[in-house]
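Me: Could you take me through one part of this structure up close, slowly enough for a first-year student? I'd like to start with a place where something could sit, and then see what lies around it.

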Amino acid sequence: MIHTATWKEVKEGLVTDIYFDRTKQILQAKGIDLHVRAEVVAHVFPSNWPWAVLAGVEECAEVLKDLPVDVRMMKEGTIFGTKLPVMEISGKYLDFGQYETTLLGLICQASGIATMAARCKKAAGKKEVISFGARRIHPTIAPLIERNAYIGGCDGVSVGLGARLIGKEPVGTMPHALILIMGDTVKATKAFDEVIEPGVRRVSLIDTFNDEKIEALNVAGELGDRLYAVRLDTPRSRRGDFLEIMKEVRWELDLRGYKQVKLFLSGGIDEMDIEKYNLLADAYGVGTAISNARVVDFSMDIIEIDGHPLAKRGKMSGSKRVLRCKECLKTRVCPVEESPGRCSCGGLEEEILVPFVSKGNLLYPLPKPFQIREFVLQQLSKVELRI
Ligand code: PCP
């Protein structure tokens, strides 16, 4: 038996928290059906994140487009800060209240994954970051993980269905299993080169049996300029000073004229490791750090009832605008009556909490994954990894 819900069950509200069902039951029994505005905000981010990337917007559209509500939402891929509404829903509470669990679930996990991918890509700069984390999560959501890793900034993904979802070819290297079964790294690399179509990069895994620099020279000697990279997935028990190992491998390869052979790192890599290794590494395979990223802790709260501002303690009531400087990305929240102005840096402000869905109609064509990724990368150039 598989333990996941179907999309039909999600749409039927079967995966919502029971207290929303009971709230609906009570309000219906009492004949109370008020028009409300509710907003979605993240009040804190995981760890030391100074920003997060909004993801899961396209899947939210799949829920919202069948509801008689009006929604303003930041565009997918927007880099945002804490305490900023990323979504505002207005309509009869009984028409959308029970979807709170689902809507939050769709953006909390996706935004965490996209943010970690963005942080890794920010640290890597022009170096490639490949999403390798499908093996760390439930297989039914592997395409979701890969899509959000890609839109967050990863250059490629390793799972076929994930790659299809983003319109790219999957990217991978070779597993230790191939080398163990063939009994030798050179033999496995040679077989890869003989069997796998020429367009696939030849990346040899060099940490199975012998010292990385010996294996690197062996495979480079075998494949020559057909060898694209060597992958160092060095086990923790042997890792020691990974940077020194990389320096030795780089030195020995260069000394023998293999300057074109790149260094591909994997195995427990996160954005901090990428910062540490980026001088020598040419590409990274990142698994757990992205696929099991901390979620962005969004909450949905009513901020207006029947046109009157009202919010619980800790929240600001009333409908709001979120205005961001087009130049420096400085962002502020103001009452919805205010209009965009000019930022203290001189740049013009623009509204980023924009009309998204109205009474079942999507108000703009959803961007393709590569367009969202481009949007994220443009903003990434204007933010830092840490405050
Ligand atoms: C792992 C596998 C993953 C890499 C590391 C990233 O190596 O290659 O794709 O995963 P992580 O960032 O979560 O550590 P192994 O577990 O040795 O698997 P394999 O032999 O298949 O490469």
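Reply: Let's start with two short elements, strand β11 (283-286) and helix α14 (288-291): each of them supplies at least two residues to the lining of the second largest pocket. Keep in mind that what you're looking at is a predicted model.

The second largest pocket holds about 470 Å³ of space. It has 22 lining residues, and those closest to its centre are F132, R135, R136, R231 and D233. Sort the lining by class and you get seven nonpolar, 10 polar and five charged residues.

Now look at the ligand. Its surroundings are made up of F132, R135, R136, P175, H176, R231, D233, G267, G268, V286, G287 and T288. Compare that with the pocket: F132, R135, R136, R231 and D233, the residues closest to the pocket's centre, are also on the list around the ligand. V286 is another residue around the ligand, and its number falls within β11 (283-286). T288, also around the ligand, falls within α14 (288-291).

Which side chains put a polar atom by an oxygen of the ligand? H176 is one of them, with a polar side-chain atom at 2.5 Å from a ligand oxygen. R136 is another, at 2.7 Å. R231 also takes part: an N or O atom of its side chain is 3.0 Å from an oxygen atom of the ligand.

R231 deserves a second look. You'll find it in strand β9 (residues 227-232). Is it buried or exposed? Its relative accessible area is just 8%, so R231 counts as buried. The side chain of R231 also reaches back to the protein itself, meeting the backbone oxygen of M174 at 3.0 Å.

Next, let's move over to the largest pocket, which holds about 810 Å³ of space. Of its 30 lining residues, W7, E59, L106, I141 and L144 are the closest to the centre. Helices α1 (7-11), α3, α5 (100-124) and α6 each bring at least two residues to this lining. Among these, α5 gives the most, with six residues. As for the mix, the lining of the largest pocket has 14 nonpolar, 10 polar and six charged residues.

Helix α6 is a good one to follow further. Why call it largely enclosed by the rest of the structure? Because 11 of the 11 residues of α6 are buried. Those buried residues include L144, R147 and G152, and L144 is also one of the residues closest to the centre of the largest pocket. Just after the helix, G153 takes a positive phi of about 140°.

Stay with R147 for a moment. Its side chain meets that of E58 in a salt bridge, at 3.5 Å from N to O. The two partners sit 89 residues apart in the chain, R147 in helix α6 (residues 142-152) and E58 in helix α3 (residues 57-64), which makes this a link between distant parts of it. R147 has a relative accessibility of 9%, so it counts as buried. E58, at 32%, is partly exposed.

Both partners turn up again at a cavity. There is one cavity of 30 Å³ or more in the model, and the largest cavity holds about 40 Å³ of space. Its lining is made of V57, E58, E76, R147, F356, Y364, L366, P367 and I372. By class, that comes to six nonpolar, no polar and three charged residues.

One last stop, just along the chain from E58. The structure holds 31 salt bridges, and two of them share K65. In one, the side chains of E62 and K65 meet at 3.6 Å, N to O. In the other, D66 and K65 meet at 3.8 Å. Shared partners like these join K11, E62, K65 and D66 into one network. How open are its members? E62 counts as partly exposed at 35% relative accessibility, K65 as partly exposed at 31%, and D66 as partly exposed at 48%.

Notes: Residues numbered from 1 in each chain as written. Predicted model: local features only at pLDDT ≥ 70, side-chain atom pairs only at ≥ 80, totals over all residues. Heavy atoms only, no water. Salt bridge = Lys/Arg side-chain N within 4 Å of Asp/Glu carboxyl O. Helix = DSSP H or I, 4+ residues; strand = E, 2+ residues; numbered from the N terminus. Buried < 20%, exposed > 50% of the residue type's maximum accessible area, 1.4 Å probe, protein only. 1 Å grid on protein atoms, 1.4 Å probe; cavity = no way out; pocket = protein on both sides within 12 Å on 5 of 7 lines; lining within 4 Å. Points joined across faces, edges and corners; volume = space filled by probe spheres on them. Nonpolar A, V, L, I, M, F, W, Y, C, P; charged D, E, K, R; others polar. Near = heavy atom within 4 Å. Polar contact = N/O pair within 3.5 Å; in protein donor to acceptor, adjacent residues only side chain to side chain.
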